[in-house]
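Colleague: I have this one open on my screen and would like to talk it through with you. Could you load it too?

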Amino acid sequence: MDQAAKIKLHISGKTYEIECDPDETVLEAALRQDIDAPYSCMSGTCNACQAKVVAGKVEMETCEALTPEEVESGECLTCQAHPTTNSIELRYPI
Ligand code: FES
């Protein structure tokens with residue numbers, strides 16, 4: 001993506017609408033905009049930042065913490081995920 005993508009996040013019963021710059025991950029965009037999104041390692045190995053993509057698409061830089069089946073069903077590591085569509089929607093398990 002060479003332009004900011006719109007992201008809708010569902011976390012702990014709240015919904016946030018933010019923008020994700022082209023060089024940011026979904027997690028970086030959330031933290032920059034003061035959203036209390038869960039994370040730990042920031043390197044794709046722990047799955048603390050996991051969320052499910054319910055609309056749009058993302059691409060992950062690395063993904064050691066999810067099985068291919070989880071990725072296939074839409075799960076992603078937000079610390080590694082970049083939107084590849086103009087808008088995406090993610091639901092956290094918390
Ligand atoms: S914070 Fe550990 S995998 Fe994203």
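What follows is a conversation about the fold, the sheet, the core and a few loop residues.

Modeller: It is loaded, and please keep in mind throughout that this is a predicted model.

Colleague: Fine. How many helices and strands does the chain have, and how do they run from the N terminus on?

Modeller: The chain has two helices and seven strands, and from the N terminus the elements follow the pattern β-β-α-β-β-α-β-β-β. With a radius of gyration of 12 Å, close to the 12 Å that the globule rule gives for 94 residues, the chain is as compact as a globular protein of that length.

Colleague: And what does the C-alpha trace span along its principal axes?

Modeller: The C-alpha trace spans about 30 × 30 × 20 Å along those axes. As for contacts between residues at least 6 apart in sequence, 52% of them join residues that are at least 24 apart.

Colleague: Now the sheet. What is the strand order?

Modeller: It is an open sheet of five strands, ordered β2-β1-β7-β3-β5, and the pairing is mixed. The edges are taken by β2 (14–20) and β5, each of which has a single partner strand, so one side of each is left without a neighbour in the sheet. From one strand to the next, the twist averages 35°.

Colleague: Mixed how? Which way do β1 and β7 run, parallel or antiparallel?

Modeller: β1 and β7 run parallel and are joined by five bridges. On the other hand, β3 and β7 run antiparallel, with three bridges between them, and β1 and β2 are also antiparallel, joined by seven bridges.

Colleague: Can you give me some residue pairs to click on?

Modeller: Between β1 and β7, you can look at I7, whose bridge partner in β7 is I88, and at L9, which is partnered by L90 in β7. L90 also has V53 standing opposite. For the pairing with β2, H10 stands opposite T15.

Colleague: Which side chains of β7 are buried?

Modeller: The side chains of β7 alternate, with I88 and L90 pointing to one face and buried, while S87, E89 and R91 point to the other face and are not buried.

Colleague: That leads to the core. How many residues does the largest one have, and which have the most contacts inside it?

Modeller: The largest nonpolar core has 19 residues, and those with the most contacts inside it are I7, V26 and L90. Two or more residues each come from β1 (5–11), α1 (26–32), β3 (50–55), β5 (75–77) and β7 (87–91), and the largest share, four residues, is from α1. In soluble globular proteins, nonpolar side chains tend to be buried together. Over the whole chain, 27% of the 94 residues count as buried.

Colleague: What does V26 touch?

Modeller: Not counting residues up to four places away in sequence, V26 touches I7, C20, V58, T78, A81, P83 and L90. That list includes I7 and L90, which are named with V26 among the residues with the most contacts inside the core.

Colleague: Changing topic: which residue of the hairpin of β1 and β2 takes a positive phi?

Modeller: That is S12, which takes a positive phi near 50° in a hairpin with two residues between the strands, although S12 is not a glycine. S12 counts as exposed because it has 9 C-beta neighbours inside 10 Å, and the cut-off for exposed is 12 or fewer.

Colleague: And where is D34?

Modeller: D34 sits in the loop between α1 and β3 and has a positive phi of about 60°, again without being a glycine. D34 is exposed, with 9 other C-beta atoms within 10 Å.

Colleague: Last one, D21: where is it, and what is it in contact with?

Modeller: D21 lies in the loop between β2 and α1, and with 14 C-beta neighbours inside 10 Å it counts as partly exposed. Leaving aside neighbours within four places in sequence, D21 is in contact with A4 and A29.

Colleague: How far is the D21 C-alpha from that of K57?

Modeller: The two C-alpha atoms are separated by 15 Å, with D21 and K57 lying 36 residues apart along the chain.

Note on methods. Residues are numbered from 1 along each chain as its sequence is written. This is a predicted model: local features need pLDDT of at least 70, side-chain atom pairs count only at pLDDT 80 or more; totals for chains, interfaces and linings use all residues. A nonpolar core is a set of buried Ala, Val, Leu, Ile, Met, Phe, Trp, Tyr and Cys residues joined through C-beta atoms within 7 Å. A residue is buried if 20 or more other C-beta atoms lie within 10 Å of its own, exposed if 12 or fewer, and partly exposed in between; C-beta atoms are placed from the backbone. Two residues are in contact if their C-beta atoms, placed from the backbone, lie within 7 Å. The radius of gyration is taken over C-alpha atoms; the globule rule is 2.2 Å times the number of residues to the power 0.38. Two strands pair if DSSP finds at least two bridges between them. Axes are lines fitted to C-alpha atoms, for helices over the stretch in contact, and angles run from 0 to 180 degrees between N-to-C directions.
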